[in-house]
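Work through the exercises below with the model open. Try each task before reading its solution.

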Amino acid sequence: MTLASSLKRLLTGQKPSRDGGPTSRPWPGLVEQYRPWLPVGDGTPVVTLLEGNTPLLRAPALEKRVGRGVQVFLKVDGLNPTGSFKDRGMTMAISKAKEAGATAVICASTGNTSAAAAAYARRGGLRAFAVIPDGYVAKGKLAQALLYGAEVLAIQGNFDQALAITQKLAERYPVTLVNSINPYRLQGQKTAAFEVVQALGDAPDWLCIPMGNAGNISAYWMGFQEYRNAGLSKMLPVMCGFQASGSAPLVLGHPVDNPTTVATAIRIGNPANGEKALAVRKESGGRFASVSDGEILAAYQVLATEEGVFCEPASAASVAGMFKYATEIPSEARVVCVLTGNGLKDPTTALDANHANLHRNLAPEAEAVVQVMGL
Ligand code: F0G
């Protein structure tokens, strides 16, 4: 290896491969990867866990169900470092909070935001506070927030009330709000749209996405627009947002006081980014619809048993929604369903939905086991 090539590898982060040839550059995290597109400067201390660069996975079993040559892709964002798309927003929000001199951050959360905020805040040396609806945060998420070192404040109320509290506290005390009303969150999250365009060579025809506080749909739209305006893609997708039927303020057109759904991540009655999301629907010629808990759980199960993809229930709302519109999707169109969170976040729902496949109390003998196998 010459000095010049060693130096180049050092500068570009390239590692020599086993046969001595160059390998591709290791993923540097999304702030470094998309630096020109993000509001960061030389002085921004980048707090990263190398989030982003998640798979866009073809889904043949879903394609068979939709038919007519429609191509379905899953953006598997549950493969981010803390298991959800929130990491994309949090690398930005925490880096910018740190740059501004903050020493503590706060969020309201149905679970994933608190896990991501805690991980990034602690990595950056900041305190993390999370206000959550007591009893309505999936076990894996609560476990993460606690282990990462968040101070978790569980209220006898729902997410909307938690968000109102955190907004008040952030106004009065030296804690930075890192919910999706923090504009840096959406800046980070828009990079998922960049990755989708890079993987497909253009934007998809349709994008299906779950909506809770409605930040992510707004972030994707921003990303698709920025790439299109820069000439990096030709088209813009029809943006389809889905809510659980017991928590569907954007479908109903008014806030819901007591939101309910098995998909606790999107158990939100008064989305902070509601106006933005409605503008996305209008500008993209998009659609919003609600999906029942039964439809969500059916899609959740199909994803796992037919595609080998374990997402959390809220994420499956995007696929349940795509099924709902199956006849309206143009033939041969490309559809991306965003899978926002990892299934391991919510083991309780997975176990509750699958008791029938768990055969217990078997004698520790081959005959007893084979009898149940039915071979
Ligand atoms: N999917 C998952 C897995 C989520 O955790 C969330 C939001 C959404 C979808 C909806 O995204 O709010 O941008 O429309 N979770 C937030 C939280 C509210 O606190 O973790 P959105």
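The exercises that follow concern a predicted model, its ligand site and one helix residue.

**Exercise 1. Describe the shell around the ligand.**

Solution.
- Start with the count: 20 residues surround the ligand.
- Pick out the closest: Ser109, Asn112, Asn213, Ala214 and Thr340.
- Sort the shell by character: seven residues are nonpolar, eleven are polar and two are charged.
- Turn to the helices: α5 (112–123) and α10 (215–229) each supply at least two residues of the shell.

**Exercise 2. Find polar contacts to the ligand, then state how far the protein covers the ligand.**

Solution.
- Use a cut-off of 3.5 Å between N or O atoms.
- Check the backbone: an N or O atom of threonine 113 lies 2.8 Å from a ligand oxygen.
- Alanine 214 also brings a backbone N or O atom, 2.7 Å from an oxygen of the ligand.
- Check side chains: a polar side-chain atom of threonine 340 lies 2.6 Å from a ligand nitrogen.
- Now the cover: on its own the ligand has 480 Å² of accessible area, and the protein covers 99% of it.
- Finish with the space: the ligand takes up the largest cavity.

**Exercise 3. Place aspartate 293 and classify its exposure.**

Solution.
- Locate the residue: aspartate 293 is in helix α13, residues 293–307.
- Apply the limits: buried means under 20% relative accessible area, and exposed means over 50%.
- Aspartate 293 has 27% relative accessibility, so this residue counts as partly exposed.
- Look along the chain: threonine 261 is 32 residues away from aspartate 293, yet their C-alpha atoms are separated by 6.3 Å.

How values were computed: Residues are numbered from 1 along each chain as its sequence is written. This is a predicted model: local features need pLDDT of at least 70, side-chain atom pairs count only at pLDDT 80 or more; totals for chains, interfaces and linings use all residues. Side-chain values use heavy atoms; hydrogens and water are left out. A residue is near a molecule or strand if one of its heavy atoms lies within 4 Å of it. A polar contact is a pair of N or O atoms within 3.5 Å; within protein, one must be able to donate a hydrogen and the other to accept it, and residues adjacent in sequence count only if both atoms are side-chain atoms. Accessible areas come from the Shrake-Rupley method with a 1.4 Å probe; for residues, only the protein chains shown count as cover. On a 1 Å grid over the protein atoms alone, a cavity is a set of points where a 1.4 Å probe fits but cannot get out, and a pocket is an open set with protein on both sides within 12 Å along at least five of seven lines; lining residues have an atom within 4 Å of a point. A molecule sits in a cavity or pocket if more than half of its atoms lie within 2 Å of its grid points. Helices (H or I, at least four residues) and strands (E, at least two) are DSSP runs, numbered from the N terminus. Ala, Val, Leu, Ile, Met, Phe, Trp, Tyr, Cys and Pro count as nonpolar, Asp, Glu, Lys and Arg as charged, and the others, Gly among them, as polar. Buried means under 20% relative accessible area, exposed over 50%, partly exposed in between (1.4 Å probe, protein chains only).
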